[in-house]
Amino acid sequence: MKAGKYVPLLLAAVVIFTGCGSRQKENYKEAELNLEKGHYEEALEGFQQAVSDDVNIMESWRGEGIALLKLNRYEEAIEAFETALAQDEGGKGIRRDIWLYKATAECKNGDPQTALESVQAATELEGDEQCYLLMGKLYLELAKYDDAEASFAQVLEKNKSYESYVDIYQMYVQKDMSADGEAYLKEALKLEGKEKEDYYQRGRIYFFMGDTDSAKKELIEAVNRKYSDAVLFLGKIYLADKDTGNARAMYRQYMEMQEENQARGYNGLALCDISEGNYSSALENIQKGLEIAQKGDVQELLYNEAVVYEKMQDFNTAKIKMASYMELYPDDVEAGKENQFLQYR
């Protein structure tokens, strides 16, 4: 009789533990989804629970580190990445990935030398253009300009594309060394691509070099070939020229081409409104954009929202909006200056 009663109890225990394991894996997947959506607080809690549940330990510590990095908690992020790397698991790919995230956290935490050592560790596992680009950035931070140039040469050896040249240029711009960066833009123009994206990339490069007429010519060709990013960039140039009529036309055309992601179009329309002094319409377009924005499009919308309130001379609301923005994006130097200005209004 005892044996007969024991079997169903054993089966019940198996069901309980199996169900528990399944639920724990679902919790981990939910944390990954929150991270992807930019819900970093929720992602952090989810990965911390996954670590507690002993689920995908290395990946969970990695996820926790990324969430902390996005929340600007750099020292905690570094500790999480170190814990992830201490796990006796994972192949070269994920370990390289964690080293690069660790380097990013260290750089943002004001320690470019240690960050460089982390990038070098990643490169030893699998050196690609991403590794060498970050390495070059760190050498610039350390004022080791010859080493930076050598690293950027490695980037171009791996991938000699318009995008690579522009990425390198932007690294120099971040260090107020635009003249050094422009040499790479000139080299990029020697590429002779004929695809629609090539015209877009050349348009961007001419714009960065201050040649607006050539930029428009290349971008219009890309627009005629239905390249949506070129439509958006051309709108930006028209707006810079105070030609809000053509700028609006470009932003509306972009929205027609991007039915599932129109947030950037709404942001462009809001910028046209701001240029014309129509602030109520600007706020309406910003709100429409925020309602549908993906995480990569939220930042500019939130910044412009604060700017609109400032232009409306509603300084109390502008101060609140800008302070909230700075909590999310503390590395935005220009916004930081604006935030300081608002504190005294």
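Q: Where does D111 lie?
A: This is a predicted model, so everything here describes a prediction. Helix α5 covers residues 92-108, and α6 covers 112-126. D111 belongs to neither helix, as its place is the loop between α5 and α6.

Q: Is D111 buried, exposed or partly exposed?
A: Its relative accessible area is 30%. Buried would need a value under 20%, and exposed one over 50%. That figure falls in between, so D111 is partly exposed.

Q: How far is the C-alpha atom of D111 from that of L138?
A: Along the chain, D111 and L138 are 27 residues apart. Through space, their C-alpha atoms are separated by 9.6 Å.

Q: What helices and strands does the protein chain have?
A: Let's step back and look at the whole chain. It has 345 residues, and 43% of them are buried. Its C-alpha trace spans about 90 × 50 × 45 Å along the principal axes. As for helices and strands, the count is 19 helices and 0 strands.

Q: What part of the accessible surface belongs to carbon and sulfur atoms?
A: The accessible surface of the protein chain adds up to about 18800 Å². Of that area, the part that belongs to carbon and sulfur atoms is 46%.

Q: How far apart are the mean positions of the positive and negative charges?
A: The protein chain carries 41 positive and 64 negative charges. Take the mean position of each set, and the two points are separated by 3 Å.

Q: Which residues is L100 in contact with, leaving aside neighbours within four places in sequence?
A: L100 lies in helix α5. With 5% relative accessibility, it falls under the 20% cut-off and so counts as buried. Once those sequence neighbours are left aside, its contacts are V119, A122, Q130, C131 and L134.

Q: What distance separates the C-alpha atoms of L100 and N339?
A: These two residues are 239 places apart along the chain. In space, their C-alpha atoms are separated by 31 Å.

Q: Which residues does L156 touch, not counting those up to four places away in sequence?
A: You'll find L156 in helix α8, which runs over residues 145-158. It counts as buried because its relative accessibility is 12%. Not counting those sequence neighbours, it touches S164, Y165, I168 and Y184.

Q: How are the rings of F208 and F233 arranged?
A: Across the whole structure there are 13 aromatic pairs, and this is one of them. The ring centres are 6.4 Å apart and the planes meet at 90°. A plane angle over 60 degrees is what the label needs, so this pair counts as edge-to-face.

Q: How far apart in sequence are the parts that the pair of F208 and F233 ties together?
A: F208 sits in helix α11 (residues 196-208). F233 sits in helix α13 (residues 228-240), and it is buried at 10% relative accessible area. The pair therefore ties together parts whose separation in sequence is 25 residues.

Q: Which residues form one aromatic cluster?
A: F208 and F233 both belong to this cluster. The full membership is Y169, Y200, F207, F208, Y227 and F233.

Q: Which ring does the charged end of R202 sit over?
A: The charged end of R202 lies 4.8 Å from the centre of that ring. The ring in question is that of Y199.

Q: What is the phi of K226?
A: Most residues other than glycine have a negative phi. K226 goes the other way, with a positive value. It is found in the loop between α12 (212-224) and α13, and it is exposed at 56% relative accessible area. Its phi is near 65°.

Q: Where is Q313, another residue with a positive phi?
A: Q313 is not a glycine, yet its phi is positive, at about 65°. Its relative accessibility is 60%, so it counts as exposed. Helix α17 covers 295-311 and α18 covers 315-328. Q313 has its place in the loop between α17 and α18.

Notes: Residues numbered from 1 in each chain as written. Predicted model: local features only at pLDDT ≥ 70, side-chain atom pairs only at ≥ 80, totals over all residues. Heavy atoms only, no water. Phe/Tyr/Trp six-rings, centres within 6.5 Å; stacked < 30°, edge-to-face > 60°. Helix = DSSP H or I, 4+ residues; strand = E, 2+ residues; numbered from the N terminus. Buried < 20%, exposed > 50% of the residue type's maximum accessible area, 1.4 Å probe, protein only. Lys NZ or Arg CZ within 6 Å of the ring centre and 35° of its normal. Areas by Shrake-Rupley, 256 points an atom, 1.4 Å probe, with all protein chains shown as cover. Lys, Arg positive; Asp, Glu negative; His and termini not counted. Charge placed at Lys NZ, Arg CZ, Asp CG, Glu CD. Contact = heavy atoms within 4.5 Å.
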